[in-house]
Amino acid sequence: MRKKELKLVVTFHTTADAMAMEKACKAHQAPGRLIPVPRAISAGCGLSWCTELSDRECIEKVMKEVGIEQEAIHECMV
Amino acid sequence: MIYLDNAATTMQKPQAVIDAVVAAMSSMGNAGRGANEASLSASRVIYDARERLASLFHAESPRQIAFTCNSTESLNIAIKGSLRPGDHVITTMLEHNSVLRPLYLLQEQGVDLSIIPSDAKGRIDYADFEKAIRPETRVIVCTHGSNLTGNKVDIARVGAIAKAHGIRFIVDASQTAGVFPIDVQEMHIDILCFTGHKGLLGPQGTGGLYVREGISLPPLKSGGSGVDTYNTHHPQLMPTALEAGTLNGHGIAGLAAGVGYIMETGMDHIRETEQRYMWMFYHGIKDIPGVKVYGDFDTQDRCPIVTLNIGDYDSSEVSDELLMTYGISTRPGAHCAPLMHKALGTVEQGAVRFSFSHFNTEEEVKAAIAAIEELSKEE
């Protein structure tokens with residue numbers, strides 16, 4: 001398995017929000033990709049947006065602009 | 001991409017299914033809403049789908065097949081339409097949330113619920129059904145195959161128990177319809193709930209239910225029916241009783257083609273191919289150090305699913321690595337079967353599910369085995 005790194009992981013209330021996030025980030029050329037929610041955050045299922053810690057400001061700006069509300073923004077080993 | 005998530009949906013569809021949907025989209029009017037040629041064309045296609053499904057499941061008549069959007073809708077109709085406060089219902093730990101959540105809701109409304117336990121391999125003891133039955137038991141509802149482990153339930157055996165006690169028997173055939181033979185008469189199934197987009201190889205948004213003649217289910221929805229316009233109530237006759245509003249005719253055309261494909265290709269051939277891939281994968285990974293496989297592999301009679309974990313790695317990490325490094329699509333995490341995860345001890349870790357289609361190839365299975373070998377070696 002690949003070595004884990006500290007990443008920024010955004011979780012959402014719904015899958016629809018996660019998909020809106022991917023679309024918005026693509027449109028705004030913001031970095032990151034969808035991954036399954038890591039166990040460290042929540043056992044279960046669902047999608048989250050994973051990117052570098054340094055992208056936090058950029059991501060938050062996109063979310064604010066397009067009106068996506070996150071469940072939480074985590075810094076965790078992914 | 002190597003697609004091994006066929007228990008979620010069979011992504012690769014027969015060309016006949018694709019062609020049928022395309023043809024329907026350029027020719028179909030609204031079924032049962034007039035006698036113009038386009039409307040009749042839709043009615044004929046949908047009736048043909050009913051006939052094929054009735055034949056597949058050995059229903060008394062095509063009229064006993066109603067169409068819905070998916071198994072979840074079918075199960076909601078069947079479960080909520082069969083139970084009243086004060087009734088008792090029996091189910092199992094193998095169930096999907098599409099069975100459990102309607103039951104939990106009814107429990108809050110005064111329905112008493114018994115859940116047959118599972119052992120750590122996802123197996124149930126059939127004697128537990130008999131033990132759980134009471135005078136007020138009205139329904140037994142269970143899956144034909146676990147979406148998490150692939151373990152099958154002997155529904156003929158459960159059906160015989162239900163029949164002996166005069167209890168309505170509802171089966172969730174989401175993981176088995178189209179791959180395993182289902183005979184609602186021989187198996188004493190009163191209501192069979194199926195989805196169109198898995199083993200039946202049809203489009204998503206299609207599904208339905210078989211309801212035994214003589215059972216009247218109150219509909220979840222009422223509305224347009226194409227008949228009996230001046231009646232203030234929705235018609236009670238099957239299948240109209242459960243089909244308010246315009247059906248997904250384009251999708252149902254694809255579903256009919258899916259059933260046609262299964263009949264032409266042979267369900268036995270499809271099942272044997274899928275099981276061959278499952279066993280090949282299972283034997284390829286079961287002895288790899290650190291790999292833990294869930295479910296009962298002591299029997300040959302199981303759905304083409306292998307669910308595993310590697311060490312204590314998060315299942316979502318393993319699944320993500322399989323996709324990013326090897327291009328293999330699987331499903332990680334919790335699989336909408338909360339009690340099954342509890343029984344297996346995978347609530348926290350989740351599990352990585354590999355599920356096979358007859359459209360897969362041996363090369364793809366070998367690649368998946370090699371990927372697990374590599375991943376389990378790495379620190």
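This report walks through chain B of a predicted model, from its domains and helix packing to a few single residues.

Because the model is predicted, local features need pLDDT of at least 70 and side-chain atom pairs count only at pLDDT 80 or more, while totals for chains, interfaces and linings use all residues. Residues are numbered from 1 along each chain as its sequence is written, and chains are lettered from A, with ligands numbered from 1, in the order in which they are written.

**Domains and the chain contact**

Chain B is assigned domain 1 (15-265) and domain 2 (266-377); such bounds come from an automatic or database domain assignment. Taken over C-alpha atoms, the centres of the two domains of chain B are 28 Å apart. Where they meet, 27 residues of domain 1 are in contact with 26 residues of domain 2. Two residues are in contact here if their C-beta atoms, placed from the backbone, lie within 7 Å. On the domain 1 side, the elements giving two or more residues are helix H4 (97-108) and H7 of chain B. Helices (H or I, at least four residues) and strands (E, at least two) are DSSP runs, numbered from the N terminus. That side of domain 1 of chain B divides into 10 nonpolar, 13 polar and four charged residues. For these classes, Ala, Val, Leu, Ile, Met, Phe, Trp, Tyr, Cys and Pro count as nonpolar, Asp, Glu, Lys and Arg as charged, and the others, Gly among them, as polar.

Chain B also touches chain A, with 16 residues from chain B and 10 residues from chain A. Helix H9 (residues 315-326) of chain B gives the largest share of the chain B side, five residues. By class, the chain B side holds five nonpolar, five polar and six charged residues.

**Two helix pairs**

Now for some helix geometry. Axes are lines fitted to C-alpha atoms, for helices over the stretch in contact, and angles run from 0 to 180 degrees between N-to-C directions.

Helix H8 (residues 267-285) and helix H11 (residues 362-377) of chain B have axes that come within 9 Å and cross at roughly 25 degrees. H8(B) is therefore roughly parallel to H11(B); angles under 35 degrees count as roughly parallel, over 145 as roughly antiparallel, 65 to 115 as roughly perpendicular and the rest as oblique. The crossing of H8(B) and H11(B) is right-handed. A crossing is left-handed if the near helix is turned anticlockwise from the far one by less than a right angle, and right-handed if clockwise. Residues of H8(B) in this contact include B:Tyr277 and B:Phe281, and those of H11(B) include B:Val365 and B:Ile369. The contact of H8(B) with H11(B) has eight nonpolar, one polar and one charged residues.

Helix H1 (residues 15-25) of chain B packs on H7(B) at an angle of about 150 degrees, with the axes 8 Å apart. That makes H1(B) roughly antiparallel to H7(B), and this crossing is right-handed. Among the residues that make the contact are B:Ala20 and B:Ala24 of H1(B), and B:Gly254, B:Gly258 and B:Tyr261 of H7(B). The classes here are 10 nonpolar, five polar and no charged.

**Backbone features**

Most residues other than glycine have a negative phi, and most peptide bonds are trans. Here are some departures from that pattern in chain B:

| Site | Backbone feature | Place in chain B |
|---|---|---|
| B:His58 | positive phi of about 60 degrees | loop between helix H2 (37-57) and strand E2 (65-68) |
| B:Asp228 | positive phi, near 60 degrees | loop between E8 and H7 |
| B:Met238 and B:Pro239 | cis peptide bond, omega about 0 degrees | B:Pro239 in the loop between strand E8 (207-211) and helix H7 (249-265) |

B:His58 is partly exposed, with 15 other C-beta atoms within 10 Å, and B:Asp228 is partly exposed with 13. A residue is buried if 20 or more other C-beta atoms lie within 10 Å of its own, exposed if 12 or fewer, and partly exposed in between, with C-beta atoms placed from the backbone.

**Two residues in their surroundings**

B:Leu83 lies in the loop between helix H3 (71-80) and strand E3 (88-92) of chain B. B:Leu83 is buried, because 24 other C-beta atoms lie within 10 Å. Leaving aside neighbours within four places in sequence, B:Leu83 is in contact with B:Val89, B:Leu106, B:Val111, B:Arg138 and B:Val139.

B:Ala156, in helix H6 (residues 155-164) of chain B, is partly exposed, with 13 other C-beta atoms within 10 Å. Not counting residues up to four places away in sequence, B:Ala156 touches B:Glu186 and B:Met187.
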